[in-house]
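Please open the model in your viewer and keep the selection tool at hand, since this tour moves from one selection to the next. Bear in mind throughout that the model is predicted.

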Amino acid sequence: MLNKNFNTFPILKTERLIIRQLEIGDEQEIFTLRSDDEINKYLDRPISHTLEEARNFIIKINEYVLNNDALYWALTLGDDNTLVGTICLYGFSDENLSCEIGYELLTNFQGQGIMQEAAKEVIYYAFNTIKVQKIEASLHKDNQCSIQLLDKLSFKKIEKADDTNPQLVSYYLKR
Ligand SMILES: CC(C)(COP(=O)(O)OP(=O)(O)OC[C@H]1O[C@@H](n2cnc3c(N)ncnc32)[C@H](O)[C@@H]1OP(=O)(O)O)[C@@H](O)C(=O)NCCC(=O)NCCS
């Protein structure tokens, strides 16, 4: 069994980042993340059209967290509480001792190593606290920035193509 009890939300810290729970006050940044064409280029998800949609998304995500179905963190830099990106763990499987990872950064905060720093901490938490044995990532085959990130984190590519969608590729990291 995985150790999933997210009622006390795990706040993580790294050299530059505080990685905290998503809150309603993040609605503007969540709206930008979920409406920006460049950020969403390779993501298969509905675009947010209004701040209200972003707010509803935050409410829905925190319900998943409350039910121990997912962990979804806001990345903030040092003392500034403003969200610069998000990272999440979801799709937990007690049977396979696995989960999936997802992440995104506002455009102005890309190219600074922020996601590598956050992902290392989240991966450490997934392996050592939740006790997953494997973390998977599914992404568009042309999403080079995401592929580079996964390479730097030592993820391996699953060579077998996704039968349901040939545009997708899958990566995994074992403990
Ligand atoms: C995927 C995504 C988060 C990667 O962002 P990123 O900024 O490239 O990743 P990092 O924050 O780890 O930064 C790495 C870059 O910062 C540079 N960098 C600068 N300072 C650095 C530091 N102190 N430490 C490490 N890298 C540093 C690295 O050289 C690297 O740049 P390069 O790719 O030109 O070599 C981003 O492209 C994104 O949000 N994409 C849209 C959403 C998306 O597609 N998500 C993935 C879904 S599967």
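Select α4 together with α3, β6 (134–140) and β8 (168–174), because the buried residues of α4 pack against these three elements. Within α4 itself, pick out Ser146, Leu149 and Leu150, which are buried. Viewed down the axis of α4, its buried residues fall within an arc of 95°, so they line one face of the helix. Now turn the helix around and select Gln144, Gln148 and Asp151, the exposed residues carried on the face of α4 that is turned away from its buried side. Following α4 you will come to Ser154, whose phi is positive, near 75°.

Next, display the ligand and the residues around it. Which elements each supply at least two residues of the shell around the ligand? They are β5 (98–105), α3 (114–130) and α4 (144–152). In total, 20 residues surround the ligand, and the closest of them, which you may like to label, are Gln110, Gly113, Met115, Gln116 and Cys145. If you colour the shell by residue type, you will find 10 nonpolar residues, 9 polar residues and 1 charged residue.

Finally, move to Phe6, which sits in the segment before β1 (12–13). Is Phe6 buried, exposed or partly exposed? Phe6 has 18 C-beta neighbours inside 10 Å, and therefore counts as partly exposed. Leaving aside residues up to four places away in sequence, Phe6 touches Val65, Asn68 and Leu71, so select these as well. To end the tour, add Phe127 and look at the C-alpha atoms of Phe6 and Phe127, which lie 121 residues apart along the chain and are separated by 15 Å.

Terms used. Residues are numbered from 1 along each chain as its sequence is written. This is a predicted model: local features need pLDDT of at least 70, side-chain atom pairs count only at pLDDT 80 or more; totals for chains, interfaces and linings use all residues. A residue is near a molecule or strand if its C-beta atom, placed from the backbone, lies within 6 Å of it. Helices (H or I, at least four residues) and strands (E, at least two) are DSSP runs, numbered from the N terminus. Ala, Val, Leu, Ile, Met, Phe, Trp, Tyr, Cys and Pro count as nonpolar, Asp, Glu, Lys and Arg as charged, and the others, Gly among them, as polar. A residue is buried if 20 or more other C-beta atoms lie within 10 Å of its own, exposed if 12 or fewer, and partly exposed in between; C-beta atoms are placed from the backbone. The arc is that of the directions from the helix axis to the C-beta atoms. Two residues are in contact if their C-beta atoms, placed from the backbone, lie within 7 Å.
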